[in-house]
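Open the model in your viewer and keep the sequence panel visible. The tour goes from a single residue to a sheet and then to a patch on the surface.

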Amino acid sequence: MALNELNGTYVLDPSHSTFSFVTRHAMVTKVRGSFEKFEGSAVVDAANAAASSLDVKIETASVDTRNAD
């Protein structure tokens with residue numbers, strides 16, 4: 001697929017997308033987590049990259065580290 005064929009609007013598919021992170025706790029161990037609720041879209045303009053955009057909204061309360069502490 002050529003770059004100019006990517007023009008258009010694309011919507012994030014939550015079943016195929018992940019927003020995750022890794023952070024250090026007490027400089028000893030790593031805590032991994034993700035955000036379960038998010039949405040977003042991208043508009044791609046291959047002819048004018050400055051006209052392209054990305055809009056993502058992440059519900060911070062949906063953070064999950066799989067650790068109650």
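Start by selecting S17, which is partly exposed, with a relative accessible area of 22%. Buried would need a value under 20%, so S17 at 22% does not fall in that class. This model is predicted.

Keep S17 selected and look at the backbone around it: S17 sits in the loop between β1 and β2 (19-25). Which residues is S17 in contact with, leaving aside its neighbours within four places in sequence? Show L12 and F38; these are the two. Now add R66, which is 49 residues from S17 in sequence. The C-alpha to C-alpha separation of S17 and R66 is 18 Å.

Next, select the strands β1, β4 and β5. They form an open sheet in the order β1-β4-β5, and the pairing is antiparallel. At the edges are β1 (8-11) and β5 (53-58), each of which pairs on one side only. On average, neighbouring strands of this sheet are turned by 10° against each other, direction ignored.

Zoom in on β4 (residues 38-44) and β5. The two strands run antiparallel and are joined by 6 bridges. To see one position across this pair, select E39, which stands opposite K57 in β5.

Finish on the surface. Select L54, V56 and I58 and turn on a surface display: together these residues make a nonpolar patch of about 250 Å². Then pick V56 alone, a residue of strand β5. Is V56 buried or partly exposed? V56 counts as partly exposed because its relative accessibility is 32%.

How values were computed:
Residues are numbered from 1 along each chain as its sequence is written. This is a predicted model: local features need pLDDT of at least 70, side-chain atom pairs count only at pLDDT 80 or more; totals for chains, interfaces and linings use all residues. Side-chain values use heavy atoms; hydrogens and water are left out. Two strands pair if DSSP finds at least two bridges between them. Helices (H or I, at least four residues) and strands (E, at least two) are DSSP runs, numbered from the N terminus. Axes are lines fitted to C-alpha atoms, for helices over the stretch in contact, and angles run from 0 to 180 degrees between N-to-C directions. Patches are made of residues with over 30% relative accessible area and no salt bridge: like charges are joined within 9 Å, nonpolar side chains (Val, Leu, Ile, Met, Phe, Trp, Tyr) within 5 Å. Accessible areas come from the Shrake-Rupley method with a 1.4 Å probe; for residues, only the protein chains shown count as cover. A salt bridge is a side-chain nitrogen of Lys or Arg within 4 Å of a carboxyl oxygen of Asp or Glu. Buried means under 20% relative accessible area, exposed over 50%, partly exposed in between (1.4 Å probe, protein chains only). Contact means heavy atoms within 4.5 Å.
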